[in-house]
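Here are my notes on this model, for you to check against the coordinates. They cover two sheets and the interface between two domains.

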Amino acid sequence: MLHRLRELGLSVRVFEKGDGVGGTWYWNRYPGARCDSESHIYCYSFAEELHEDWEWSERYPEQPEILAYLQFVADRLDLRRDIEFETEVTSATYDESSSTWTVETADGERVSTRFFITAVGCLSKPFRPDFDGLDDFEGEWYHTARWPDEEIDFGDDHVGVIGTGSTGIQFISEVGGRADHLTVFQRTPNYAVPARNRPLGDEEYADIRANYDDIWERARDSRLGMPFDWEQHTAFNLSDEEIEEVLEERWQQGGFRFLHAFEPGYILSNAEINETISEFIREKIREKVDDPETAEKLVPTDHPYGSKRPPMDYNDYYGTYNRDDVTLVDVDEAPIEAFTPDGIRTADDHYDLDTVVFATGFDAMTGALLAIDIEGRDGQTLEAKWEAGPRTYLGLGIHGFPNLFTITGPQSPSVLTNMPMAIEQHVEWIADCIAYMDEQGYDRIEATEDAETQWVQNTNMLAENMLFSEAKSWYRGANVPGKTQVFTPFPGGLDNYREICDRVAGDDYDGFELDRVDDAPTVEGR
Ligand code: NAP
């Protein structure tokens with residue numbers, strides 16, 4: 001966004017809480033952290049020079065490599081000179097008379113700006129359950145999303161990990177065998193599909209480079225922002241054996257290619273085929289875990305495959321439970337009651353622990369935005385407006401909050417896609433919109449109430465027709481006690497969403513109100 005706005009000749013200041021670039025990949029340094037999107041598409045597509053001078057080493061990039069990539073991009077595009085690091089934005093207030101925002105930082109600095117753009121991420125405010133007794137725990141504890149920048153030696157420790165989402169699964173398979181004992185506190189099992197990670201060979205890489213234009217075109221024009229094909233759109237007319245064959249082939253390919261066995265929207269809306277796929281994965285889990293009782297605990301039955309974000313298995317996750325030094329504790333059956341000075345007490349036992357790792361996720365989608373005290377027109381706060389769940393138009397604009405753009409905001413495809421594709425689409429749309437406003441002499445843009453209401457209804461309706469409502473997921477805010485539960489990302493596909501956004505822009509920003517503010521001071525180049 002910074003790069004694009006500079007290209008438009010605007011003056012831009014970026015505020016960043018961390019002391020370096022990287023966002024998610026700056027904060028999530030836990031052992032095993034790796035991206036589930038394939039490396040060659042988990043990067044920027046807009047500048048060819050970035051592809052020419054960067055080479056990914058593995059099919060899925062590890063956290064240090066992604067962080068190094070983002071540092072490389074920041075250097076190459078000379079971004080750092082406009083970024084204020086270690087600076088937390090605490091509030092942003094809209095002033096109607098001048099049509100400007102005043103952004104305030106924790107240091108007390110106040111900046112006046114015509115446009116206020118948030119790029120705070122969808123999964124950036126960590127969530128940690130409020131267990132009794134944590135203050136009295138005499139061991140060490142960490143949250144995976146605030147991992148220290150130093151190697152932690154678990155060698156002699158009894159380590160406990162709470163959470164078996166994407167993060168927990170990566171951590172558990174990496175640390176199983178590296179600690180004296182690992183105890184996994186699992187509330188809900190998940191469907192982990194083998195990622196099939198491997199180094200990227202020279203020939204394969206040359207092929208990727210030679211075909212990048214085509215790869216990006218296919219990724220942009222896809223539901224999930226990934227350039228993968230499916231052989232059969234649906235499973236209609238296929239025999240059980242043929243379906244099994246397709247699934248087995250995709251299982252061998254691994255990662256998100258498995259989700260492309262059939263068109264992903266179909267998998268997520270057809271309960272019957274979804275159950276076939278879910279059962280296929282359950283059988284794989286049973287095959288991998290030696291102890292049948294442990295295997296059954298690891299088999300998910302409470303939600304359909306894909307109704308929660310599907311995690312990947314990089315390192316024989318299920319095989320980890322065959323080790324003598326790894327124990328699975330079902331805290332759905334016997335919940336965690338409290339921390340004690342020596343460990344964790346559940347409803348039916350006590351576990352002695354030296355170290356506890358919270359892999360308990362995030363206050364997703366809205367948490368980081370609401371952590372900023374945002375006040376729009378007529379003194380309305382975003383927190384009050386979103387009390388019953390987020391309301392946006394296209395996940396880009398909010399009625400009552402003029403000249404605020406939210407990159408990957410609620411009700412945009414964001415987390416249901418390969419994120420860089422969704423981010424680039426938003427960045428391009430916002431930059432084009434600002435350029436249009438300047439050409440036409442507009443000072444202010446605001447989503448209309450009607451357009452916003454229709455968009456929210458549209459998103460909800462699409463989600464209701466899919467299987468998402470059958471899972472207690474962070475997509476719906478169900479992981480944070482007391483949070484209003486509403487499905488938040490736009491589930492209609494990045495390809496369809498892009499078309500809608502293009503039509504809106506082509507129609508003079510249909511659904512937005514654009515106007516001039518006669519007495520607004522001219523803020524040159526901002
Ligand atoms: P998550 O999916 O929300 O998982 C949190 C885990 O903590 C769940 O297993 C949850 O159990 C458990 N938990 C929460 N509160 C608990 C409590 N009071 N008692 C016991 N267990 C509790 O969070 P995450 O694993 O950090 O992943 C979040 C998202 O980040 C992913 O879905 C993915 O989109 C992204 N991510 C991506 C990558 C990647 O690309 N490689 C890696 C990591 C994360 P319940 O399921 O029962 O709520």
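**Notes on sheets and domains**

1. Start with the parallel pair. Strand β3 (residues 89-95) runs parallel to β17, and three bridges link the two. One residue pair to look at is T93 and E375: the latter lies in β17 and is the bridge partner of T93. Keep in mind throughout that this is a predicted model.

2. Now the sheet around that pair. Four strands make up an open sheet, ordered β5-β4-β3-β17. The pairing is mixed. At the edges sit β5 (110-113) and β17 (373-375), each pairing on one side only. From one strand to the next, the twist averages 15 degrees.

3. Next, the three-stranded sheet. Which order do its strands take? The order is β13-β14-β15, in an open sheet with antiparallel pairing. Its edge strands are β13 (336-340) and β15 (350-352), and each of these pairs on one side only. Neighbouring strands here are turned by 20 degrees against each other on average, with direction ignored.

4. One pairing in that sheet deserves a look in detail. β13 pairs with strand β14 (residues 343-346) in the antiparallel sense, and the count is four bridges. To find the register, take A338: opposite A338 stands R345, in β14.

5. On to the domains. The assignment gives two entries for the chain, each written as two segments. Domain 1 covers 88-122 + 364-515. Domain 2 covers 128-191 + 269-361. Taken over C-alpha atoms, the centres of domain 1 and domain 2 are separated by 34 Å.

6. How many residues does each domain bring to the contact? Domain 1 supplies ten residues, and domain 2 supplies eleven residues. The area buried between domain 1 and domain 2 is about 850 Å². Carbon and sulfur atoms give 63% of that area.

7. What is the count of salt bridges across this interface? Between domain 1 and domain 2, the rule finds zero salt bridges. The count of residue pairs in polar contact between domain 1 and domain 2 is also zero. That second count takes in pairs with both residues at pLDDT 80 or more. Please read the zero with that cut-off in mind.

8. To recap for your check. The β5-β4-β3-β17 sheet is mixed, whereas the β13-β14-β15 sheet is antiparallel. The interface of domain 1 and domain 2 buries about 850 Å², with zero salt bridges across it.

Definitions and conventions
Residues numbered from 1 in each chain as written. Predicted model: local features only at pLDDT ≥ 70, side-chain atom pairs only at ≥ 80, totals over all residues. Heavy atoms only, no water. Pairing = 2+ DSSP bridges. Axes fitted to C-alpha atoms, helices over the stretch in contact; angles between N-to-C directions. Domains from an automatic or database assignment. Contact = heavy atoms within 4.5 Å. Buried area = accessible area lost by both parts, 1.4 Å probe. Salt bridge = Lys/Arg side-chain N within 4 Å of Asp/Glu carboxyl O. Polar contact = N/O pair within 3.5 Å; in protein donor to acceptor, adjacent residues only side chain to side chain.
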